[in-house]
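Biologist: I would like to learn how to read a structure like this one. Could you walk me through it, feature by feature?

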Amino acid sequence: MNPYLQFSPYIDGDHPDVARKAVELAAGCRSEQDIVRRCFEFVRDTIRHSWDHRLNPVTCRASEVLAHGTGYCYAKSHLLAALLRRNGIPTGLCYQRLSVTEGAPYCLHGLNAVYLDGHGWYRIDARGNKPGVDAQFTPPIERLAFRIHDRNERDLPEIWVEPLPVVINTLLTYSTVEEIAENLPDVELIAQRF
């Protein structure tokens with residue numbers, strides 16, 4: 001589990017502001033699940049999704065997301081990972097491949113997985129709720145923001161220690177939410193055998 005507790009340039013739980021917020025969110029919690037719930041709800045409900053609210057700047061590092069109060073799903077997952085890792089809870093990054101509208105084009109959607117005692121790896125999605133999106137923390141049942149609807153969409157099974165390079169490249173290359181929306185990251189799927 002040690003890699004899922006480490007800080008990095010994008011999951012910078014060692015940044016003073018992120019560390020302070022992690023301690024603040026954990027204060028008074030009686031269990032690991034209480035800490036996860038509080039951190040999850042803070043990121044889901046307080047950090048505004050950049051596209052939903054048309055907010056700049058484009059953020060990537062957890063500390064930037066916290067400072068500006070906004071981020072795309074990927075950046076929000078970096079902040080949630082940093083807060084939870086700072087509180088000693090193993091946390092990874094997960095992705096779904098989703099349709100942008102109906103069918104092509106497709107893009108990645110970023111979320112997290114946390115390791116919960118008694119449950120194992122459990123995915124949570126702090127993207128931000130809105131009409132038609134109702135992500136919750138209800139272990140052992142996953143309530144993610146989006147469901148898979150067509151054969152080219154996927155719940156990608158990996159739990160990554162670090163963000164995917166294609167995600168980082170997108171967040172660092174484009175400077176406005178509109179540019180990101182026109183250049184959302186995607187990956188090619190490996191053909192499934194039936």
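Biologist: Leaving aside its neighbours within four places in sequence, which residues is Ile-124 in contact with?

Modeller: Happy to help, and please keep in mind that this is a predicted model. Ile-124 is in contact with Val-36, Phe-40, Leu-80, Leu-84, Leu-111, Asn-112, Val-114, Phe-137 and Leu-144, once neighbours within four places in sequence are left aside.

Biologist: Which members of the largest nonpolar core touch the most other members?

Modeller: The general idea comes before the case. In soluble globular proteins, nonpolar side chains tend to be buried together. Here the largest nonpolar core has 46 residues, and Leu-79, Leu-83 and Ile-124 touch the most other members. Helix 5, residues 73-86, contributes the most to this core, with nine residues.

Biologist: Let's turn to a single helix. Which residues of helix 6 are buried, and why do they line one face of the helix?

Modeller: In helix 6, which covers residues 165-173, the buried residues are Val-167, Ile-168, Thr-170 and Leu-171. Looking down the helix axis, you find these buried residues within an arc of 160 degrees, so they line one face of the helix. As for partners, the buried residues of helix 6 pack against helix 5, strand 3 (91-99), strand 4 (106-116) and helix 7 (177-182).

Biologist: Now the charged side chains. How many salt bridges does a search of the whole structure find?

Modeller: The search finds ten. To read one, check the N to O distance against the cut-off, which is 4 Å. Arg-20 and Asp-17 form a salt bridge, with their closest N and O atoms 2.5 Å apart. The two residues sit three residues apart in helix 1 (residues 16-26), so about one helical turn separates them. Asp-17 is partly exposed, at 37% relative accessibility.

Biologist: What about Asp-45 and Arg-44: how far apart are the closest N and O atoms?

Modeller: They are 2.6 Å apart, and the pair forms a salt bridge. Arg-44 is buried, with a relative accessible area of 9%, whereas Asp-45 is partly exposed at 48%.

Biologist: And what does the salt bridge between Lys-130 and Asp-52 tie together?

Modeller: Their side chains meet at 3.4 Å, N to O. Lys-130 lies in the loop between strand 5 (120-124) and strand 6 (136-138), while Asp-52 lies in helix 3 (residues 50-53), so the pair ties together parts that are 78 residues apart in sequence. Lys-130 is partly exposed at 37%, and Asp-52 is partly exposed at 28%. Asp-52, Arg-127 and Lys-130 are also linked in a network of salt bridges.

Definitions and conventions. Residues numbered from 1 in each chain as written. Predicted model: local features only at pLDDT ≥ 70, side-chain atom pairs only at ≥ 80, totals over all residues. Heavy atoms only, no water. Core = buried A, V, L, I, M, F, W, Y, C linked by side-chain atoms within 4.5 Å. Buried < 20%, exposed > 50% of the residue type's maximum accessible area, 1.4 Å probe, protein only. Helix = DSSP H or I, 4+ residues; strand = E, 2+ residues; numbered from the N terminus. Contact = heavy atoms within 4.5 Å. Arc of directions from axis to C-beta.
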